Amino acid sequence: MQRSEPLHQQVARNIRNDIEAGRIRDGQQLPSTRELAAEWNVSPFTINEAMDALIKEGLVISKPRAGRVVHAPHVTSAALPKPTSPRVIFVGGYAGSGKTELGRVIARGTGWPMLDKDTITRPVVEVALELLGLSPNDRESAVYVDKVRPREYEALSGAMMENVQCGNSAIVTAPFIREFSDSAWVSRIQATCQSLGATPTFVWVFCDADTMRGYVRHRGAARDAHKLANWDEYIAGINLDLRPPVPHVVIDNSASSRPLQDQAEKLISKVLSESQDNR
């Protein structure tokens, strides 16, 4: 399969996204070249090329006896203007697109709570599936899709509404595949937000198939096993051109795109400027 980007750029981009999303923190020592090579299933030479790229960007520095260390001081949310009324950013995308990373970057840049579907619901979903006699990693069966999945989104919407009722803005991350394909659902969630005095923004994270596969393989989540084992079939069954049926923002997390941090900053500025305009 032809790769969408050189291996060292793929590794560098994913590590960069993890740094910007706060999974790898400022001042944290990175694993050794050998450990990173094993983690990414690439050669030490590839890791050194990736590290050289991150060092040139200033995100990683090399310290004597300490090895490579993350250098990522960030502007705190206190320095940002506050919206005049709650904003809700709905971030959707396929598995491995980078929607959770984008949500974390936005949360770090705004100080708003991040509500991620998997974080909120996965432990309960796994127990529920086991009690139903299914694998806790099942995300394909009719039982999960028809019975369990709707309750996940119900819980996610409830958490969003509770925050908005308290006057908080929120970032809501989930695949939203069915939801963003359903004009009626979008209309309902718009009406719900507006009834609470909040303004919704819909964001779709686009990522090419090869890049998604690399990310899904690397994160090694058990729930992705079926997708990876049947990747060609999975890709053939999804619509990479899916977009919300209302005005929205597309974040391109493919290999050739601008850094996720840059796109997140532009999105935050857009949302905040719209808040100022609506005064």
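## Charges

In what follows, Lys and Arg count as positive and Asp and Glu as negative, while His and the chain ends are left uncounted. With charges counted in that way, the protein, which is seen here as a predicted model, carries 33 positive and 33 negative charges, and the mean positions of these two groups lie 3 Å apart.

## Overall build

Twelve helices and seven strands make up the regular elements of the protein. The radius of gyration is 20 Å, which is close to the 19 Å that the globule rule gives for 279 residues, and the protein is therefore as compact as a globular protein of that length. Taken along the principal axes, the box that the C-alpha atoms fill is roughly 55 × 50 × 30 Å.

How much of the protein counts as buried? Of its 279 residues, 47% fall into that class. The accessible surface comes to about 13800 Å², and carbon and sulfur atoms account for 51% of that surface. If one takes the contacts between residues at least 6 apart in sequence, 75% of them join residues that are at least 24 apart.

## Cysteines

A disulfide is a covalent bond between the sulfur atoms of two cysteines. How many disulfides does the structure hold? The number is zero. Cys166, for instance, is in no disulfide, and the cysteine sulfur nearest to its own, that of Cys193, is 15 Å away.

Two of the cysteines can also be described by how much of their area is accessible. Cys166 counts as exposed because its relative accessibility is 59%, and exposed means over 50%. Cys207, by contrast, has a relative accessibility of 2% and so counts as buried, a word that applies under 20%.

## Trp40 and its contacts

Trp40 has its place in helix H2, and with a relative accessible area of 12% this residue is buried. Which residues does Trp40 touch, once its neighbours within four places in sequence are left aside? The contacts of Trp40 are then with Val11, Asn14, Ile15, Ile47 and His218. Ile19 can be placed relative to Trp40 by distance, for the two residues are 21 apart in sequence, and their C-alpha atoms are 16 Å apart in space.

## Two loop residues with positive phi

Asn41 lies in the loop between helix H2, residues 33-40, and helix H3, residues 44-57. The phi angle of Asn41 is near 55 degrees, which is a positive value in a residue other than glycine. Is Asn41 buried or exposed? Its relative accessible area is 70%, so Asn41 is exposed.

Phe176 is also a loop residue, found between strand E5, which covers residues 170-173, and helix H7, which covers residues 177-180. Although Phe176 is not a glycine, its phi is positive, at about 55 degrees. The relative accessible area of Phe176 is 2%, and this residue is therefore buried.

## Ala229 in helix H10

Ala229 belongs to helix H10, which covers residues 225-229. Because its relative accessible area is 64%, Ala229 is exposed. Along the chain, Ala229 and Leu59 are 170 residues apart, and the separation of their C-alpha atoms is 35 Å.

How values were computed:
Residues are numbered from 1 along each chain as its sequence is written. This is a predicted model: local features need pLDDT of at least 70, side-chain atom pairs count only at pLDDT 80 or more; totals for chains, interfaces and linings use all residues. Side-chain values use heavy atoms; hydrogens and water are left out. Helices (H or I, at least four residues) and strands (E, at least two) are DSSP runs, numbered from the N terminus. The radius of gyration is taken over C-alpha atoms; the globule rule is 2.2 Å times the number of residues to the power 0.38. Buried means under 20% relative accessible area, exposed over 50%, partly exposed in between (1.4 Å probe, protein chains only). Contact means heavy atoms within 4.5 Å. Accessible areas come from the Shrake-Rupley method with a 1.4 Å probe; for residues, only the protein chains shown count as cover. The place of a charge is taken as NZ of Lys, CZ of Arg, CG of Asp or CD of Glu. A disulfide is a pair of cysteine sulfur atoms within 2.5 Å.
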